[in-house]
Amino acid sequence: SYSCLNFVLLGRIVEKVTGQRLDRAAEDLLFRPLGMTDSCWGPVADDGRVVEMPIGVERGRKIGEIVDMLAFPAKVPLGNAGLFTTFRDLGLFLEDLRLRKRFGAAYYDLLTTPVADADGNLRTFGFDMRRGERPRGASTKAFFHTGSTGQTILADPDLNLGIVVLTSRWGRDDKQGHDDGIRARRQIVETIVSGRR
């Protein structure tokens, strides 16, 4: 099932296999090959493009600092959070998933093939495919992810569509605010999908 700790562990596995810190491995193996020049683990310098997160302010963070409670105090990058990126870079990532040309087939299959989790919900290795969470209008092959600090991405192979939504909408530092933000981003995605059909 989805768990931040699973992705922390995955990051450690990447480090053991590559012999590199997670941020360097991601740069060498993913960001550079895809031309993702704005993606890196934080904290990052405030160059005028970094968005201040309301939840970050509530937690006493400065602009460009990691908001996540696990990743913020860590001395090294963790696999569950702390990645800073841009609309452009996420678009390049989704475009690569659509075209499936840069890496081997096993990579794409791992990221896009659904399997059932412990509760019988469909997920890929890193993406959500749950029927009840899928934005209306998206195909059954669509895979997506909603980040807790205001980002949602969706790739739909049947519609030949990739969507990136970046916001700073959190609401409140509680489950209700978190869920309200996810619902709002889903509505944005559904509006875009309905315009495509």
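Colleague: Is A138, at 12% relative accessibility, counted as buried or exposed?
Modeller: First, a word on what you are looking at: this is a predicted model, where local features need pLDDT of at least 70, side-chain atom pairs count only at pLDDT 80 or more, and totals for chains, interfaces and linings use all residues. Residues are numbered from 1 along each chain as its sequence is written, and side-chain values use heavy atoms, with hydrogens and water left out. Buried means under 20% relative accessible area, exposed over 50%, and partly exposed in between (1.4 Å probe, protein chains only). The 12% of A138 therefore counts as buried.

Colleague: Where is A138 found?
Modeller: Elements here are DSSP runs numbered from the N terminus, with helices being H or I of at least four residues and strands E of at least two. On that scheme, A138 is found in the loop between β4 (122-123) and β5.

Colleague: How many Å separate the C-alpha atoms of A138 and D119?
Modeller: Along the chain, A138 and D119 are 19 residues apart. In space, their C-alpha atoms are separated by 22 Å.

Colleague: Which residues is E190 in contact with, leaving aside its neighbours within four places in sequence?
Modeller: You will find E190 in helix α6, which covers residues 175-196. E190 is buried, because its relative accessible area is 11%. With contact meaning heavy atoms within 4.5 Å, and those sequence neighbours left aside, the partners of E190 are P135 and R136.

Colleague: Which residues of helix α5 are buried?
Modeller: Helix α5 takes in residues 105-112. The buried ones there are Y108, L111 and T112.

Colleague: Why are they on the same side of α5?
Modeller: A general point helps here: an α-helix has 3.6 residues a turn, so residues three or four places apart point the same way. The arc is taken from the directions that lead from the helix axis to the C-beta atoms. The buried residues of α5 share one side because they cover an arc of only 85°.

Colleague: What do the buried residues of α5 pack against?
Modeller: Y108, L111 and T112 are the buried residues to follow in the structure. Their packing partners are elements α4 and β5.

Colleague: How many bridges join strand β5 to β6?
Modeller: Two strands pair if DSSP finds at least two bridges between them. β5 (residues 143-146) and β6 run antiparallel. F143 stands opposite A155 in β6, and F144 has L154 as its bridge partner there. The bridges that join β5 to β6 come to four.

Colleague: Which residue takes a positive phi in the hairpin of β5 and β6?
Modeller: This hairpin has four residues between its strands. The positive phi, near 115°, belongs to G150.

Colleague: How many of the six residues of β6 are buried?
Modeller: β6 has β5 as an antiparallel partner, and β7 is likewise joined to β6 in an antiparallel way. β6 is largely enclosed by the rest of the structure, because its buried residues number five.

Colleague: In β7, what is the bridge partner of T152?
Modeller: Six bridges join β6 to β7. Across that pairing, T152 has as its bridge partner V165.

Colleague: What is the phi of N160?
Modeller: N160 sits in the turn of the hairpin that β6 and β7 form, with four residues between the strands. At 40% relative accessibility, N160 counts as partly exposed. N160 is not a glycine, yet its phi is positive, at about 55°.

Colleague: Where is the place of R100, which has a positive phi?
Modeller: R100 is a residue other than glycine, with phi near 55°. R100 is partly exposed, because its relative accessible area is 35%. Its place is in the loop between α4 and α5.

Colleague: Is the peptide bond from G42 to P43 cis or trans?
Modeller: To find it, go to the loop between β1 (40-41) and α3 (54-58), where P43 lies. The omega of the bond from G42 to P43 is near 10°, and the bond is cis.
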